[in-house]
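Me: Hi! I'm new to this one and would love a quick tour. Can I throw some questions at you while we look?

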Amino acid sequence: MSAAKMIAVLARCERAMQRNEALTVRIKASLIRCRTVKAFSGATFLEKNAGGFFDGEGRIKTHLWEAYSEYDADEVSQEEHLRDPDDGCRHCYSAWRLVRLRKKARQELGAARRLVRHYGKEAIKAEKAAP
Ligand SMILES: [Zn+2]
């Protein structure tokens with residue numbers, strides 16, 4: 001493998017990691033604007049502990065959470081729920097769209113990592129074969 005090819009593979013992997021991290025930051029930035037998250041932030045200690053804000057796994061019940069919980073993998077219904085003028089939430093909808101982009105970015109990261117491993121194994125073979 002040439003040095004240029006190695007650099008290209010490493011750059012592809014790093015770009016994929018950066019894209020994933022950037023999308024995660026944007027998802028968090030969207031969710032923090034959700035009115036459920038704002039209501040939790042403004043709640044008193046007793047209100048926060050009264051229940052209703054979190055599911056059994058400690059996740060806050062945002063509109064995004066509702067969409068995933070109620071519609072499982074049905075993306076059409078998830079989108080309808082999030083875009084509903086009364087019960088929806090534009091911030092959670094934005095997060096939902098970003099999550100979909102991140103899924104694709106994670107697939108690219110997986111492919112890039114497999115390439116790094118492939119060439120890593122080739123490098124080990126080359127080391128062993130070297131005099
Ligand atoms: Zn929301």
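Me: Let's start with Asp87: is it buried or exposed?
Reply: Happy to help, and keep in mind that this is a predicted model. Asp87 is exposed, because just 10 other C-beta atoms lie within 10 Å, and 12 or fewer counts as exposed.

Me: Where is Asp87 found?
Reply: Asp87 sits in the loop between helix H5 (75-83) and H6.

Me: And how far apart are Asp87 and His63 in space?
Reply: They are 8.1 Å apart, C-alpha to C-alpha, with their positions 24 residues apart in sequence.

Me: New topic: which residues make up the largest nonpolar core?
Reply: There are 11 residues in all, among them Leu31, Cys34, Leu64, Tyr93 and Trp96. Helix H4 (63-71) and helix H6 (90-129) are the elements that each give two or more residues to this core. The largest share, 5 residues, comes from H6.

Me: You listed Cys34. What does Cys34 touch?
Reply: Leaving out residues up to four places away in sequence, Cys34 touches Thr62, His63, Cys89, His91 and Cys92.

Me: Back to the helices: how do the axes of H4 and H6 cross?
Reply: They cross at roughly 60 degrees and come within 8 Å. H4 and H6 are therefore oblique to each other.

Me: Which residues meet there, in H4 and in H6?
Reply: From H4 you have His63, Leu64 and Ala67, and they meet Cys92, Ala95 and Trp96 of H6. The residues of this contact divide into 5 nonpolar, 1 polar and no charged.

Methods:
Residues are numbered from 1 along each chain as its sequence is written. This is a predicted model: local features need pLDDT of at least 70, side-chain atom pairs count only at pLDDT 80 or more; totals for chains, interfaces and linings use all residues. A nonpolar core is a set of buried Ala, Val, Leu, Ile, Met, Phe, Trp, Tyr and Cys residues joined through C-beta atoms within 7 Å. A residue is buried if 20 or more other C-beta atoms lie within 10 Å of its own, exposed if 12 or fewer, and partly exposed in between; C-beta atoms are placed from the backbone. Helices (H or I, at least four residues) and strands (E, at least two) are DSSP runs, numbered from the N terminus. Two residues are in contact if their C-beta atoms, placed from the backbone, lie within 7 Å. Axes are lines fitted to C-alpha atoms, for helices over the stretch in contact, and angles run from 0 to 180 degrees between N-to-C directions. Angles under 35 degrees count as roughly parallel, over 145 as roughly antiparallel, 65 to 115 as roughly perpendicular and the rest as oblique. Ala, Val, Leu, Ile, Met, Phe, Trp, Tyr, Cys and Pro count as nonpolar, Asp, Glu, Lys and Arg as charged, and the others, Gly among them, as polar.
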